[in-house]
Amino acid sequence: MSGKPLYIRNAAQLVTLKGPTGPRTRGEMEQLSIIQGGSVWVEAGRIRFVGTDEEVRRRLRSRIEEADEIDATGRLVTPGLVDPHTHLVFAGSREGEFEMRLKGATYMEIMKAGGGIHATTTATRQASREQIYEESQCRLDQFLRHGVTTLEAKSGYGLSLEQELKQLEVARDLNQDHPVEVVSTFMGAHAVPAAYRDRSDDFVDQVIREMIPEVARRKLAEFNDVFCERGVFTPDQSRRILEAGKEHGLAPKIHADEIEPYGGAELAAEVGAVSADHLLKASAEGIQAMAKKGVVAVLLPGTAFFLMAEMANGRNMVDAGVPVALSTDCNPGSSPTVSLPLIMNLACLHMGMTPAEVLTAATINAAYAINRGDELGSIEEGKQADLVLFDVPNYMGLQYHYGSNHAAVVVKGGRVVYRRD
């Protein structure tokens with residue numbers, strides 16, 4: 001597209017998600033603010049006017065001819081999808097573990113046998129920066145084709161300062177080079193390296209004293225994450241890591257209560273985390289604490305689906321007043337998918353969420369889960385023009401026709417960056 005204005009006209013449904021400031025909770029998650037026959041006028045990468053096609057034409061009648069036009073007749077138009085939890089940057093693959101799980105091995109058993117995170121850590125350490133970049137770029141291309149315009153990418157497959165910096169530098173370069181906006185999270189505390197198996201406190205000290213200060217100094221991440229789980233990092237260790245990150249300007253996130261109730265949700269509320277993620281086994285007390293503090297619950301149904309486990313209770317969290325977001329958790333071991341629309345399908349079919357709630361969870365709430373809610377996640381005047389045109393006539397069709405990729409046109413910052421044809 002040129003530098004001219006962009007006019008997206010006459011959508012069957014224009015889902016604006018215009019609403020209250022802040023992540024949406026309870027009934028707010030079903031308020032999509034839909035405009036039938038809606039149109040959007042974009043200039044300089046920003047949304048300048050939103051309304052019915054008649055309103056746009058009446059207001060901008062003298063300028064219609066100067067704009068590049070996209071006819072959205074019969075299509076659904078939504079904000080660009082936001083994926084707030086991925087492990088995008090890594091090397092290698094782990095198909096063999098899939099077969100092991102089908103034969104009965106658990107995730108933690110595979111990890112203790114040298115698989116899991118440790119297998120990807122080895123592959124990522126051995127790979128060149130160029131190889132990691134190319135593999136991650138291919139995944140990012142696929143995210144874009146599914147309608148994702150912004151995603152979060154965690155490190156955590158290096159588990160040493162040099163290797164963590166390598167991952168974060170690749171994420172930075174992808175953000176500069178690729179249409180999809182990449183938001184970086186430091187996750188040096190993704191696992192305890194084999195060399196520190198019996199002295200995890202020493203590794204925690206290394207993360208706090210060496211890794212976090214250097215990542216912050218180089219401005220390679222906005223967030224700091226930790227895998228708080230029995231056999232990985234304890235709540236006390238996790239608290240130390242997250243508080244250290246805050247001292248260096250890194251906002252806290254946490255992998256919480258994935259395998260058993262372990263106090264991760266409670267810790268997220270205590271430290272003021274932007275989000276707590278997974279939460280399959282979160283306690284009722286932890287959920288209430290998150291609701292009170294406004295911590296976004298980033299749910300990852302694809303991970304439970306792939307691990308053949310029970311999914312998090314999304315319905316309960318919405319009803320409890322927790323702002324819920326959805327993510328692929330794209331990673332090579334427990335969720336090797338780039339399809340956020342499929343994750344939305346799973347949330348409807350297995351987590352008790354409605355089509356309206358999951359669309360909110362994959363747009364405005366996901367944007368707030370990475371501190372981008374003031375800029376992204378809804379189609380409102382002044383916001384960045386990130387939009388997707390889907391080949392379905394309404395938002396319910398996006399979830400009804402499950403397992404399909406309906407994204408036809410993707411706009412990032414007012415520029416068409418993908419057309420399916």
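Q: A salt bridge here is a side-chain nitrogen of Lys or Arg within 4 Å of a carboxyl oxygen of Asp or Glu. What makes K412 and E181 a salt bridge?

A: Their closest N and O atoms are 3.0 Å apart, which is within 4 Å, so the pair qualifies. This is a predicted model, where local features need pLDDT of at least 70 and side-chain atom pairs count only at pLDDT 80 or more, while totals for chains, interfaces and linings use all residues. Residues are numbered from 1 along each chain as its sequence is written, and side-chain values use heavy atoms, leaving out hydrogens and water.

Q: Why do D391 and R75 count as a salt bridge?

A: Again, set the distance against the cut-off: N to O is 2.6 Å, so the rule is met. The partners come from distant parts of the chain, 316 residues apart, with D391 in the loop between β14 (387–390) and α16 (395–400) and R75 in the loop between β4 (68–71) and β5 (76–79).

Q: Why is E214 called buried and R218 partly exposed?

A: Buried means under 20% relative accessible area, exposed over 50% and partly exposed in between (1.4 Å probe, protein chains only). E214 has 17%, so it's buried; R218 has 38%, so it's partly exposed. The two also form a salt bridge, at 2.7 Å between the closest N and O atoms.

Q: What makes D236 exposed and R239 partly exposed?

A: D236 comes out at 52%, so it counts as exposed, whereas R239 has 25% and is therefore partly exposed. They sit 3 residues apart in helix α8 (residues 235–247), about one turn of the helix.

Q: How do you know that domain 1 and domain 2 share a buried area?

A: The domain bounds, from an automatic or database assignment, give domain 1 (6–79 + 378–419) and domain 2 (81–369). Buried area is the accessible area (1.4 Å probe) that two parts lose on being put together, summed over both. Here that is about 2,700 Å², with 66% from carbon and sulfur atoms. On the domain 1 side, R26, M29 and Q399 supply 24% of the area buried, more than any other three residues.

Q: What makes a residue pair across the interface of domain 1 and domain 2 a polar contact?

A: It needs a pair of N or O atoms within 3.5 Å; within protein, one must be able to donate a hydrogen and the other to accept it, and residues adjacent in sequence count only if both atoms are side-chain atoms. The rule finds 13 such residue pairs across this interface, both residues at pLDDT 80 or more. The salt-bridge count between the two domains is 1.

Definitions and conventions: Helices (H or I, at least four residues) and strands (E, at least two) are DSSP runs, numbered from the N terminus.
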